[in-house]
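Here is a quick walk through one model, written for someone who would rather look at side chains than read a methods section. Have the viewer open and follow along.

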Amino acid sequence: MALVNDHFLKLPNNYLFADIAKKVNAFKAMHPKVDVISLGIGDVTQPLAPAVIEAIHKAADEMATRQGFRGYGPEQGYDFLRDAILKNDFLPRGIHLDRDEVFINDGAKSDTGNIQELVRWDNSIGVTDPIYPVYIDSNVMIGRAGVQENGRWSNVLYMPCNAENGFVPQLPDRRVDVIYLCYPNNPTGTVISKAELRKWVNYALKNDTLIFYDAAYQAYIQDDEIPHSIYEIRGARKCAIEFHSYSKTAGFTGVRCGYTIVPKEVTAATLDGERIPLNPLWNRRQCTKFNGTSYISQRAAEAIYTPEGKQQVKETINYYMQNAKKMLTTLRGLGFECYGGENAPYIWAKTPETSSSWKFFEEMLYGAHVVCTPGVGFGPSGEGYVRFTAFGSHEQTDEALHRIENWLKK
Ligand SMILES: *Cc1c(COP(=O)(O)O)cnc(C)c1O
């Protein structure tokens, strides 16, 4: 008899976006003539950059020839892409990394979910709250998160981010083995300053804590003072692993490519206190369980670093950020307390006094035919907030804002 990994059974059955879809479908069934606009989705909508498309065609043509055909590539990714990453994403910020500290992935979700395999099941973990659900759920599956009571896992330290603390999480008052940070943040759209990030790195160095840093939205940073990488902070390469993705950077949600930085200096301890570098461990893990990202996707990613590619990708990001700006202006004009939206494609809005996240979600769906994401779906501190995304078209975003205005004026 095969015994199931019963940690999976502890996971709540319903996934946030499935719950949302169910409620939207119920509304549509009752109101078949009404079109609903979603400002809730976390997916991009604009087409790939021409430079990327050209690279995809070229790579496909190469694969059609005997000489150009590629089978299995290196599990760590092709050197052409790893070198382009070092040269464009790190060197200009004064960060010197080696090629073998870069691991190309098929998107940051896989690696942010898988990275926890490198530490023992009984490590303690800490997360900012609200947060991208992958970090906690991947730890639940292995039994590290404990049991769930009132929406909280017993072995997870939650560090609340809310209006009261200006969305700056407080350092834990005790030591934690592993901390997940995501900046710019999904779902709140807020960022971390260099001074604040330095506090986290110093905490990690002092307490022997490992930081998993998700930088999936770094391309949306507009303010030059905000760090794009944790390695901009001295000492971070001793304590941090960093995740990048081309999904939000360049519309790669359907292409699938990103990368993970595992510096050679990052270590974890054995029970005897011996320090084990995590870079060779991650390499071993990848070589066993991952056969690389497709050649075509990696050529597509390389094209983002050409002068044309950079320009085109920036234009699309500007397009989304124009949405964010309009949303901030309109929602604030309507009296909403809003956060984020300046260096990230997300706006985090406080619901009116009497409304929970889900109540407001339903009121806006039925009143304005606009969908947002209930904040409580991202963690207990998300209650009383909703997330709006800037990933729609200009037309849809304008129309949605228009509807919200009319709905609130009634
Ligand atoms: C979208 C997103 C990712 C990236 O996911 P991919 O697998 O690269 O598409 C990673 N982290 C966060 C917080 C995200 O919102």
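Let's start with F360, which is buried, with a relative accessible area of just 1%. Keep in mind that this is a predicted model. The ring of F360 pairs with that of F336: the centres are 5.8 Å apart and the planes meet at 75 degrees, so this is an edge-to-face pair. F360 belongs to helix α11 (residues 357-368), while F336 is in the loop between α10 and β13 (338-340), so the contact ties together parts that are 24 residues apart in sequence. F336 has 10% relative accessibility and counts as buried too, because the cut-off for buried is under 20%.

**More rings**

That pair is one of 26 aromatic pairs in the structure. Another is Y320 with F391, where the ring centres are 5.1 Å apart and the planes stand at 90 degrees, so this pair is edge-to-face. Here the partners come from distant parts of the chain, 71 residues apart: Y320 is in helix α10 (residues 307-333), and F391 is in the loop between β17 (385-389) and α12 (394-409). Both Y320 and F391 are buried. They also belong to one aromatic cluster, together with Y217, Y220, Y319 and Y346.

Some rings have a charge for company. The charged end of R299 sits over the ring of F80, 3.6 Å from its centre. K23 lies over the face of W358, 5.2 Å from the ring centre.

**Salt bridges**

Side chains of opposite charge can pair when their charged atoms come close. There are 19 salt bridges in this structure, and the table shows some of them.

| Acidic partner | Basic partner | Closest N to O distance |
|---|---|---|
| D35 | R403 | 2.9 Å |
| D79 | R82 | 3.5 Å |
| D398 | K326 | 2.9 Å |

How far apart in the chain are D35 and R403? They are 368 residues apart, with D35 in the loop between α1 and β1 (37-38) and R403 in helix α12. D35 is partly exposed at 49% relative accessible area, whereas R403 is buried at 14%.

K326 and D398 bridge two helices: K326 is in α10 and D398 in α12, so the pair ties together parts that are 72 residues apart in sequence. K326, at 34% relative accessibility, counts as partly exposed, and so does D398 at 33%. Elsewhere, salt bridges with shared partners join D79, R82, D83 and R99 into one network. Within that network, D79 and R82 both lie in helix α3 (residues 79-90), three residues apart, or about one turn of the helix. D79 is partly exposed at 35% relative accessibility, while R82 is buried at 7%.

**What the record adds**

An unreviewed UniProt entry annotates residues 35-404 as "domain: Aminotransferase class I/classII large". Over that stretch the chain is 35% helix and 17% strand, and the end C-alpha atoms are 14 Å apart. UniProt (unreviewed entry) also places "modified residue: N6-(pyridoxal phosphate)lysine" at K248. In the model, K248 is found in helix α7 (residues 246-250) and is buried, with a relative accessible area of 15%.

**Out on the surface**

V4, F8 and L9 make a nonpolar surface patch of about 330 Å². V4 lies in the segment before α1 (16-30) and is exposed, at 58% relative accessible area. Q222, in the loop between β8 (210-214) and β9 (240-245), counts as partly exposed at 41%.

Key:
Residues numbered from 1 in each chain as written. Predicted model: local features only at pLDDT ≥ 70, side-chain atom pairs only at ≥ 80, totals over all residues. Heavy atoms only, no water. UniProt positions renumbered as here; feature names shortened; annotations may be inferred. Helix = DSSP H or I, 4+ residues; strand = E, 2+ residues; numbered from the N terminus. Phe/Tyr/Trp six-rings, centres within 6.5 Å; stacked < 30°, edge-to-face > 60°. Buried < 20%, exposed > 50% of the residue type's maximum accessible area, 1.4 Å probe, protein only. Lys NZ or Arg CZ within 6 Å of the ring centre and 35° of its normal. Patch = residues over 30% accessible without salt bridge, like charges linked within 9 Å, V, L, I, M, F, W, Y side chains within 5 Å. Areas by Shrake-Rupley, 256 points an atom, 1.4 Å probe, with all protein chains shown as cover. Salt bridge = Lys/Arg side-chain N within 4 Å of Asp/Glu carboxyl O.
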